[in-house]
Number of protein chains: 2
Amino acid sequence: MVMTQSTLRMAVAPDLDGSATEVARAAGADVVPLEQAEALAWTVSDRDGFPDPLPPGVRWVQLPSAGVETWLADGVIDRDRTWSSAAGAYALPVAEHALLLLLAGVRRLPACVTATTWAKQALMPELGTLQDASVGIVGAGGIARALIPMLSALGARSLAVNRSGREVPGAAMTVPAEDADTVWRAADHVVIAAPATPDTRHLVGRHQLELMGGNGWLVNVARGPLIDTEALLAALDEGLLDGAALDVTDPEPLPDGHPLWTHPRAIVTPHIANPQVTLRSGFHQRLADNIERQLAGIPLLGLVDLDNGY
Amino acid sequence: MVMTQSTLRMAVAPDLDGSATEVARAAGADVVPLEQAEALAWTVSDRDGFPDPLPPGVRWVQLPSAGVETWLADGVIDRDRTWSSAAGAYALPVAEHALLLLLAGVRRLPACVTATTWAKQALMPELGTLQDASVGIVGAGGIARALIPMLSALGARSLAVNRSGREVPGAAMTVPAEDADTVWRAADHVVIAAPATPDTRHLVGRHQLELMGGNGWLVNVARGPLIDTEALLAALDEGLLDGAALDVTDPEPLPDGHPLWTHPRAIVTPHIANPQVTLRSGFHQRLADNIERQLAGIPLLGLVDLDNGY
């Protein structure tokens with residue numbers, strides 16, 4: 001239950017450079033020590049030094065990550081107070097990275113980057129395009145809403161899969177999770193953008209990879225465990241798809257010597273879809289928005305739902 | 001002067017697989033041997049076997065390339081008949097490649113592609129984004145019209161330079177060629193998309209690179225000689241810009257051992273912005289459109305203007 005309030009006593013921690021404190025103040029919060037706070041803005045994605053236990057006076061915690069699955073799994077996020085994440089705050093940079101990974105795969109950029117000779121004739125017949133392609137987006141939330149207009153501008157169609165099947169604006173088709181096979185079958189390429197929950201673990205396994213039918217790229221900008229890595233490696237070796245471009249892996253960090261590092265059909269980026277510059281600006285924006293919402297009695301953005309698990 | 005006509009006798013050459021002949025017929029042409037033809041559809045970008053001299057009965061030649069500068073320089077294109085190119089027919093795939101090159105540079109994809117260890121911490125502070133960036137597009141024709149909506153979807157602004165300064169739809173600013181410095185100064189990144197003419201040779205030299213002011217990526221999807229390669233190499237070494245991503249080079253093909261192949265700030269792709277699949281579909285579309293236009297008495301698309309040089 002959120003009520004209009006005239007002041008908000010918020011602790012901001014850790015805040016080495018003072019910028020988050022400044023954002024909180026500008027949005028209307030009184031920045032106070034934790035013991036006097038009714039809200040806490042936690043500014044870093046790791047949990048070292050997170051107050052344990054939280055003072056009972058803290059009724060709301062704003063976290064800086066979009067995905068909070070480890071905070072949930074470890075029981076840090078409780079039902080005693082309101083928790084909000086930055087889910088959706090980084091949708092644009094993450095969609096940008098998904099688009100880069102997809103284009104880099106379809107247009108064989110790794111072969112170009114490592115070449116030291118003009119291999120035009122060998123490359124030309126290998127190259128694809130997103131023009132007239134259909135791209136499945138599995139887990140169609142904020143990232144999908146940012147990605148779909150990018151794909152449209154490139155002349156590609158988006159096929160969305162979400163929990164409810166409720167139509168996603170700009171998608172040529174939206175299906176509920178239980179009908180995801182339809183999209184795996186119809187799409188040329190698939191982007192994974194779903195939250196990590198117990199339900200979405202190994203969302204992509206042998207069955208889905210077989211439905212890709214011998215070509216197309218699989219892109220993951222969500223969380224590593226959504227893909228069964230062993231099944232993916234086998235599928236890549238068998239040529240069930242053209243390739244996989246992964247910003248997140250399982251295990252993560254991907255250990256030295258892992259076959260994905262050197263697989264000719266794999267592109268790996270080290271969980272950088274949301275670079276420092278947008279991590280900072282996106283979190284600050286979310287913090288300011290939620291302070292203003294809290295003061296105005298409007299529901300917070302990125303409210304963590306313990307029943308959905310994100 | 002184009003007049004409505006009820007038939008069009010067109011030769012199609014070379015057409016090994018018969019597909020261009022089929023397209024021409026479907027669009028309403030009578031496909032005939034060259035000696036009886038009033039029009040010629042030339043289907044390959046190289047000139048080996050191009051009829052020399054052309055029978056005087058051939059009043060119109062449709063070429064498959066977007067840029068026809070070598071045909072002009074060598075005097076093949078004459079004032080005795082109408083010549084049309086495929087300028088604009090490949091705008092979407094070329095813009096797609098420009099976007100890939102720009103994103104790959106800004107997000108340091110080459111470092112990821114060659115990595116065999118999880119270098120997240122080292123990479124994060126290096127990474128940029130197109131969100132809130134401004135991208136100059138020098139030579140704002142068809143490629144720019146395709147690229148601008150892509151950039152808009154990514155949250156970037158487009159700053160256009162064209163010959164006339166006539167406003168380009170969707171651009172935040174359009175300036176005429178003589179004011180290009182304004183864009184070189186204001187833009188974070190610059191994409192070169194101008195035709196190759198005697199006027200545009202070395203359009204990018206020391207002066208323009210200095211205006212980039214220490215960061216940003218330069219992308220070339222037009223023609224190699226638009227950039228002074230020696231000036232670019234010096235600027236890259238001095239750090240006048242973050243990097244250059246080039247689909248076209250001067251010399252081209254880029255010879256083995258050229259410093260651009262291994263320069264840490266350079267990405268080279270071997271003139272593949274327009275892959276085989278879109279080269280074919282784009283040319284067929286242009287051929288069909290122009291046959292229909294010729295029959296309807298509507299001005300042809302991609303009409304070569306000998307005075308403009310493209």
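Two strands pair if DSSP finds at least two bridges between them. The views below come from a predicted model.

**View 1. Strand β11 of chain A is joined to β12(A).** Strand β11 covers residues 243–246 of chain A. Three bridges link β11 to β12(A), and these strands run parallel. Within this pair, A:A244 has A:A266, in β12(A), as its bridge partner.

**View 2. Seven strands of chain A form an open sheet.** The order of the strands in chain A is β8-β7-β6-β9-β10-β11-β12, and the pairing is parallel. The edges of the sheet are β8 (173–176) and β12 (266–268) of chain A, each of which pairs on one side only. On average, and with direction ignored, neighbouring strands of the sheet are turned by 15 degrees against each other.

**View 3. Helix α3 of chain A lies across four strands named here.** The strands under view are β9 (189–192), β10 (217–220), β11 and β12 of chain A. Helix α3 of chain A spans residues 91–106. Relative to β10(A), helix α3 runs at about 155 degrees.

**View 4. Chain B touches chain A.** In this interface, 46 residues of chain B are in contact with 46 residues of chain A. Elements of chain B that each supply at least two residues to its side of the interface include α4 (109–114), α6 (142–153), β12 (266–268) and α11 (276–296). The most is given by α3(B), with seven residues.

**View 5. The side of chain B that touches chain A is shown by residue class.** This side has 29 nonpolar residues. Polar residues number 13, and four residues are charged.

Technical notes. Residues are numbered from 1 along each chain as its sequence is written. Chains are lettered from A and ligands numbered from 1 in the order in which they are written. This is a predicted model: local features need pLDDT of at least 70, side-chain atom pairs count only at pLDDT 80 or more; totals for chains, interfaces and linings use all residues. Axes are lines fitted to C-alpha atoms, for helices over the stretch in contact, and angles run from 0 to 180 degrees between N-to-C directions. Two residues are in contact if their C-beta atoms, placed from the backbone, lie within 7 Å. Ala, Val, Leu, Ile, Met, Phe, Trp, Tyr, Cys and Pro count as nonpolar, Asp, Glu, Lys and Arg as charged, and the others, Gly among them, as polar.
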